[in-house]
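Student: Hi! Could you walk me through this structure before I get back to the bench?

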Amino acid sequence: MALRWSSGFAMLRTNTAATVKFTFPLHTASAFGSCGSRHVVSGGVLLPTRSYAASGGQTDSKHVVDITSSEDFAKRVMEESNARVVVVDCHAQWCPPCRTLGPRLEAAINKRDGKLLMAKVDVDAVPKVGEQLMVSSIPAVFAFNKRELIDKFVGSKGEADLEKWIDSVLAKSTASV
């Protein structure tokens, strides 16, 4: 399944021959882009994007880093995973579920007080990393420990499910010690 963005519409290609085309009016498409939007719609609920989406995914947290290249991924994710669990958030600026998951994930990781590092990968800006991880749908979240993939999920999760997932990742990492 692949999603391709092109001049005002997104095309979702499935494993079958079917292609689904979503057309967005210009004003709607810009609301999901990085054009100063302050809210996104998720499941019929208007949510603030927080600084995560409004600033292009930039953050001031010491437990969150932005990945800018595949070399940066090797250094900041693979090397750091020897010391602690690294959670990789593969997202894109235009993706509404990514905009809701990103701040939730960041908050959950910041609560863990340094036990985890969050690495944010914009798959449009750093496509090589997305290809290496074989990302076919976003948001896609991966957990690495000792240079090994220990868990992953695709799609958004609510806060409670996200907390359970992070707890299970931490439990897997301590079990492998």
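Tutor: Happy to, so here is a chat about the fold, the cores, the cysteines and some backbone details.

Tutor: This is a predicted model, in which local features need pLDDT of at least 70, side-chain atom pairs count only at pLDDT 80 or more, and totals for chains, interfaces and linings use all residues. Residues are numbered from 1 along each chain as its sequence is written, and side-chain values use heavy atoms, with hydrogens and water left out.

Student: Okay, how many helices and strands are there in the chain?

Tutor: The protein chain has six helices and ten strands. Both are DSSP runs numbered from the N terminus, with at least four residues (H or I) for a helix and at least two (E) for a strand.

Student: And how much of the chain counts as buried?

Tutor: Of the 177 residues, 42% count as buried. Buried means under 20% relative accessible area, exposed means over 50%, and partly exposed is in between, using a 1.4 Å probe and protein chains only.

Student: Which residues have the most contacts inside the largest nonpolar core?

Tutor: Phe73, Val77 and Val88 do, in a core of 21 residues. Helix H3 (70-79) and strands E7 (85-91), E8 (116-122) and E9 (140-145) each supply at least two residues of this core. A second, separate core of 17 residues includes Val87, Ala143, Phe153 and Trp165. A nonpolar core here is a set of buried Ala, Val, Leu, Ile, Met, Phe, Trp, Tyr and Cys residues joined through side-chain atoms within 4.5 Å.

Student: What does Val77 touch?

Tutor: Leaving aside neighbours within four places in sequence, Val77 is in contact with Ile67, Asp72, Val86, Val88, Ala119 and Phe144. Contact means heavy atoms within 4.5 Å. Val77 is also one of the buried residues of H3, along with Ser70, Asp72, Phe73 and Met78. The buried residues of H3 pack against E6, E7, E8, helix H5 (127-132) and E9.

Student: E8 keeps coming up. How many of its residues are buried?

Tutor: Seven of its seven residues are buried. One side holds Leu116, Met118, Lys120 and Asp122, the other holds Leu117, Ala119 and Val121, and both faces are covered.

Student: Which strands does E8 run parallel to?

Tutor: E8 runs parallel to strand E6 (residues 64-66), joined by three bridges, and to E7, joined by seven bridges. Strands count as paired if DSSP finds at least two bridges between them. For landmarks, Val65 has Ala119 as its bridge partner in E8, while Val85 stands opposite Leu116.

Student: What do E7, helix H4 and E8 make together?

Tutor: With helix H4 (residues 96-111), the two strands make a right-handed β-α-β unit. Right-handed means that, with the strands pointing away from the viewer, the path from the first strand over the helix to the second runs clockwise.

Student: Switching to cysteines: which ones does a disulfide join?

Tutor: A disulfide joins Cys95 to Cys98, with S to S at 2.5 Å. The rule is a pair of cysteine sulfur atoms within 2.5 Å, and by it the count comes to one disulfide. The torsion about the S-S bond is about 75°, so this disulfide is right-handed.

Student: Are those two buried or exposed?

Tutor: Cys95 is buried, at 3% relative accessible area, and Cys98 is buried too, at 1%. Cys90 is in no disulfide; its nearest cysteine sulfur, that of Cys98, is 9.2 Å away. Cys90 counts as buried because its relative accessibility is 0%.

Student: Now the end of the chain. How do E9 and E10 pair?

Tutor: E9 and strand E10 (residues 148-154) pair in the antiparallel sense over six bridges. They form a hairpin with two residues between them, and Lys146 in the turn has a positive phi of about 55°.

Student: Which other residues have a positive phi?

Tutor: Among them are Asp113, with phi near 50°, and Met134, with phi of about 55°. Asp113 is in the loop between H4 and E8, and Met134 is in the loop between H5 and E9. Asp113 is exposed at 67% relative accessible area, and Met134 is exposed at 71%.

Student: And where is the cis peptide bond?

Tutor: A cis peptide bond joins Ile138 and Pro139, with omega about 0°. Pro139 lies in the loop between H5 and E9. Most residues other than glycine have a negative phi, and most peptide bonds are trans.
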